[in-house]
Amino acid sequence: MEEQYKVSARKYRPQKFEEVVGQEHITTTLKNAITSNQLAQAFLCCGPRGVGKTTCARILAKVINAPDPVKAVQDGSYADMDIEIALNIFELDAASNNSVDDIRHLVEQVRFAPQSGKYKVYIIDEVHMLSQAAFNAFLKTLEEPPPYAIFILATTEKHKIIPTILSRCQIFDFQRIKVSDIVPHLQTICKEKNISADAEAL
């Protein structure tokens with residue numbers, strides 16, 4: 001059977017920290033937190049669209065559920081981890097699930113420990129879209145999460161996040177990806193695909 005076509009954004013989505021382009025200040029901090037076992041329970045990833053916020057959240061969720069996270073982050077073996085790890089990752093798009101009931105449902109899930117792996121990771125995208133009531137319902141869980149729960153919040157509009165949420169998160173500000181970072185990455189892909197392209201075109 002012919003393999004289904006994949007758009008490049010999905011095909012080349014980074015699977016490990018080293019593949020994330022232009023955000024070394026963040027990936028290095030996350031790797032150091034894992035190797036020193038000093039992982040925060042809540043992160044806030046801020047920045048424009050398409051810079052790697054959700055990608056870094058998924059990578060972090062994978063590596064901390066590896067049998068040996070320290071070894072995994074050093075050798076990159078977590079990139080090929082079994083799909084069952086997906087059972088530990090819960091993603092919520094707050095742009096379309098922003099009611100207090102949506103958050104209450106998520107809080108109910110948090111009560112149950114993971115069946116496999118060490119952590120349950122909750123990734124809430126566009127978290128600034130949550131209603132005031134939803135933020136309030138979420139705050140208690142964010143203040144006192146169970147030891148197996150990690151929350152990763154992502155937003156394009158940090159200024160809309162209420163201060164009580166900000167104060168409980170480790171904040172990462174993602175930068176726009178520079179042309180000087182994109183070009184070498186495209187050159188690597190061109191080489192892999194035997195495509196000829198001059199640097200100016202890239």
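Two strands count as paired if DSSP finds at least two bridges between them. With that in hand, the sheet of this predicted model can be read strand by strand. Five strands form an open sheet, and their order across it is β2-β3-β4-β1-β5, with parallel pairing. The edges are held by β2 (89-93) and β5 (170-173), each of which pairs on one side only. From one strand to the next, the twist averages 15 degrees.

A walk across the sheet can start at the β2 edge. Here β2 runs parallel to β3 (residues 120-125), and five bridges join the two strands. A handy landmark to find on the structure is Glu91, which stands opposite Ile123 in β3. The sheet also has a helix packed on it: α2 (residues 24-35) touches β1 (42-46) and β5, and the direction of α2 makes about 150 degrees with that of β5.

Strand β1 deserves a closer look. On one side, β1 pairs with β4 (residues 149-155) in the parallel sense over five bridges, and Phe151 in β4 is the bridge partner of Ala42. β1 is also joined to β5, again in parallel, by four bridges; in this pairing Cys46 lies opposite Asp173 of β5. How many of the residues of β1 are buried? Five of its five residues are, so the strand is mostly covered, given that buried means under 20% relative accessible area. The side chains can be followed in two sets: Ala42, Leu44 and Cys46 point one way from β1, while Phe43 and Cys45 point the other way, and all of them are buried.

Two of these β1 residues turn up again in the next feature, an enclosed space. The structure holds one cavity of 30 Å³ or more, and the largest cavity has a volume of about 50 Å³. Its lining is made of Leu30, Phe43, Cys45, Cys56, Ala57, Leu60, Ile152 and Phe172. Both β1 and α3 supply at least two residues of this lining, with α3 giving the largest share, three residues. What is the chemical make-up of the lining of the largest cavity? By class, the lining has eight nonpolar residues, no polar ones and no charged ones.

The largest pocket offers another view of the model. This pocket has a volume of about 680 Å³ and is lined by 23 residues. Those that lie nearest its centre are Pro14, Gly50, Val51, Gly52 and Thr55. Three elements give two or more residues to the pocket lining, namely α1 (8-11), α3 (53-64) and α8 (179-192). Of the lining, the largest share comes from α8, with four residues. The classes are mixed here: 10 residues of the pocket lining are nonpolar, seven are polar and six are charged. Helix α3 thus links the two spaces for the reader, as it appears in the lining of the largest cavity and in that of the largest pocket.

One residue that is easy to trace from here is Arg13, which sits in the loop between α1 and α2. Is Arg13 buried, partly exposed or exposed? Its relative accessible area is 31%, so Arg13 counts as partly exposed, a class that lies between the 20% limit for buried and the 50% limit for exposed. Leaving aside residues up to four places away in sequence, Arg13 touches Glu19, Thr55 and Arg58. Thr55 has been met already, among the residues nearest the centre of the largest pocket. Arg13 and Cys46 are 33 residues apart along the chain, and 19 Å separates their C-alpha atoms.

Finally, two residues catch the eye for their backbone angles. Glu126 has a positive phi of about 50 degrees although it is not a glycine, and its place is the loop between β3 and α6 (132-143). Asn194, likewise a residue other than glycine, has a positive phi near 55 degrees and is found in the segment after α8. Which of the two words, buried or exposed, fits Glu126? Its relative accessibility is 10%, so Glu126 counts as buried. Asn194, by contrast, has a relative accessible area of 73% and is therefore exposed.

Methods:
Residues numbered from 1 in each chain as written. Predicted model: local features only at pLDDT ≥ 70, side-chain atom pairs only at ≥ 80, totals over all residues. Heavy atoms only, no water. Axes fitted to C-alpha atoms, helices over the stretch in contact; angles between N-to-C directions. Contact = heavy atoms within 4.5 Å. 1 Å grid on protein atoms, 1.4 Å probe; cavity = no way out; pocket = protein on both sides within 12 Å on 5 of 7 lines; lining within 4 Å. Points joined across faces, edges and corners; volume = space filled by probe spheres on them. Nonpolar A, V, L, I, M, F, W, Y, C, P; charged D, E, K, R; others polar. Buried < 20%, exposed > 50% of the residue type's maximum accessible area, 1.4 Å probe, protein only.
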